[in-house]
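Open the model in your viewer and keep the selection panel at hand. Each stop below says what to select and what is there.

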Amino acid sequence: MNAPNVSGWRPAMGEGGGEGAPIVTTSGDRGLSLEEPLIFELGRAGTCGVDLDEVDTPVVPGLARFLRAAPPALPGLTEPETVRHYTRLSRQNYAIDLGPFPLGSCTMKHNPRLNEKVARLPGFADIHPLQPQHTVRGAIGVIAELAHWLVTLTGMSAVAMTPKAGAHGELCGLLCIRAALEARGDARQVVLVPESAHGTNPATAAFAGYRVENIPATAEGRVDLAALTARLGPDVAAVMITNPNTCGLFERDMKAISDAVHSAGGLVYCDGANFNAIVGKVRPGDLGIDAMHINLHKTFSTPHGGGGPGSGPVVLSAALAPFAPLPFALRGPDGIIRLVEEEDAPVHHPQSFGRMAAFHGQMGMFTRALAYILSHGADGLRQVAEDAVLNANYVLRSLEDLLDAPFAGAGPCMHEALFSDSGFAEGFSTLDLAKGLIDEGFHPMTVYFPLVVHGAMLIEPTETESKAGLDRFIGSMRSLAERARAGDPGLKSAPHLVPRRRLDETQAARKPVLVWPEA
Ligand SMILES: *Cc1c(COP(=O)(O)O)cnc(C)c1O
């Protein structure tokens, strides 16, 4: 077992051990903060969780060449050792069930337990996508009812339910746009994307075969309508606009943008990942949008991040609905809701661009999202948006005297508050403040995004944090902001109170070590 690096660690105030004396333990554990090596370091050859009988089955001739020559390189552990290994690791995690997750743009809200109960009902959880449709009418009904809510909440014509994440939904929307343009014999090449866009927007446009061009932002953080209009022309297939945008501001010119794009023959894609801020208040269909993905895992509270699955249904305007992917749920003349698949398409949906997924979408996300929608009701969903915006403005106004808030002068923000590193002492950065937040027991906010602000810190509290919870977070942020302004060297080397200190994140992302060297 590797000895943990305890240098630089000092007991927190009020702990024993004497002022400044580092506590070094024999085990490497510190009280209930447990050190844990890799499972391969822990395992021993010849150890196994179960007793296996010697195999006396004769080898089938012809299969002998598939016999293993050497034992598999599995870590040898008993069952209790294995359970403890993963439980210890899980305790080093931060989770939304432990505290706030202020990641801007990610909408990490509480996941109501009712959703989990509904998703685990055997009639939803234990069905198979290849079951005959007449045995899963209830599940298909859930897809149809959720689809109805999404279309109603957004004021659009149709919805493609199968995309499995926001980015997948973007691709679905752009493929609908491409199909619509091709249907009218129009080979436009360019997609315009504002410079504050989430990285998935330009990546999706490029993946769909378009050339991406940036549109600048105004000094107050919104799309520059004049610059956009000036760039429109017969080569522009679509614009992709995020609304509310990633500076946490509502794009007030959205209708004017849509009208200008449409009159130049293009189509309007809206990145709807921030729908949490406007659900129940604004219908994107009224703003002239042709396609918009909704992140069920953000707005409608299904667990995500760290491996939780996503779901990115795409709502479509009447112009794009005929090109939507298969399958989709349709109520027949007999009143029964069925999935329209390839064999039905020639009659029911001849212009579909094809499929986005093998089956019908993320059933577990559908059940959770519908449970969330039905338990809130239409008025409750409106309150989600109001409280999310209220909480973000509370954070903005509670910090703006200590942290530079570049767009705060223009009025209230939407569901997230944006700050910059301006005013920090020489040599201190956003990264230092984010690392300090870990010592304070919080997950850091989104850092260095959006790119339009230097050293950006994007904080999204969501509506599920209480005022008391926000006040605790604000207290920590104020103290860290003061330390960054004063140039406290302790902040420069934060975090101090965690099992691992500053990691080389670039190296980890660029050259990850994914194989145990002795395997
Ligand atoms: C989260 C997010 C996306 C991408 O959604 P995924 O489900 O992670 O693919 C796109 N745009 C914005 C603004 C987002 O916040």
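What covers helix H13? Select residues 430-439 to display helix H13. The cover over its buried residues includes strand E11 (446-447), strand E12 (457-459), helix H14 (467-486), helix H15 (489-492) and helix H16 (505-510). Helices here are DSSP runs of H or I with at least four residues, strands are runs of E with at least two, and both are numbered from the N terminus.

Before moving on, some ground rules. This is a predicted model, in which local features need pLDDT of at least 70 and side-chain atom pairs count only at pLDDT 80 or more, while totals for chains, interfaces and linings use all residues. Residues are numbered from 1 along each chain as its sequence is written, and side-chain values use heavy atoms, with hydrogens and water left out.

**Stop 1: H13 and H14**

Stay on H13. Of its 10 residues, 7 are buried. Buried means under 20% relative accessible area, exposed means over 50%, and partly exposed lies in between (1.4 Å probe, protein chains only). Color Thr 430, Asp 432, Leu 433, Ala 434, Lys 435, Gly 436 and Leu 437 to see the buried set. Just after the helix, click Gly 441, which has a positive phi of about 90°.

Now add H14. The two helices pack at an angle of about 135°, with their axes 10 Å apart. H13 is therefore oblique to H14. Show Leu 433, Gly 436 and Leu 437 of H13 against Phe 473, Ser 476, Met 477, Leu 480 and Ala 481 of H14: these residues make the contact. Contact means heavy atoms within 4.5 Å. Axes are lines fitted to C-alpha atoms, for helices over the stretch in contact, and angles run from 0 to 180 degrees between N-to-C directions. Under 35 degrees counts as roughly parallel, over 145 as roughly antiparallel, 65 to 115 as roughly perpendicular, and the rest as oblique.

**Stop 2: the E10-E12-E11 sheet**

Select these 3 strands, which form an open antiparallel sheet in the order E10-E12-E11. E10 (417-419) and E11 are the edge strands, each pairing on one side only. Strands pair if DSSP finds at least two bridges between them. E10 and E12 are joined by 3 bridges. Zoom to Leu 418, which stands opposite Leu 458 in E12.

**Stop 3: strand E4**

Go to residues 236-242, strand E4. Is E4 enclosed or open? All 7 of its 7 residues are buried, so the rest of the structure largely encloses the strand. Add strand E2 (residues 190-194), which runs parallel to E4 and is joined to it by 3 bridges. Leu 192 stands opposite Val 239 in E4. Next add strand E5 (residues 267-271), which pairs with E4 in the parallel sense over 5 bridges. Label Ile 241 and its bridge partner in E5, Cys 270.

**Stop 4: Ser 258**

Select Ser 258 in helix H9. Its relative accessible area is 0%, so Ser 258 is buried. Leaving aside residues up to four places away in sequence, Ser 258 touches Val 268, Leu 287, Gly 288 and Ile 289.

**Stop 5: H6 and H7**

Finish with helix H6 (residues 166-183) and helix H7 (residues 200-207), which pack at an angle of about 45° with their axes 9 Å apart. That angle makes H6 oblique to H7. Show Ala 167, Glu 170, Leu 171 and Leu 174 in H6, which meet Thr 200, Asn 201, Thr 204, Ala 205 and Phe 207 in H7.
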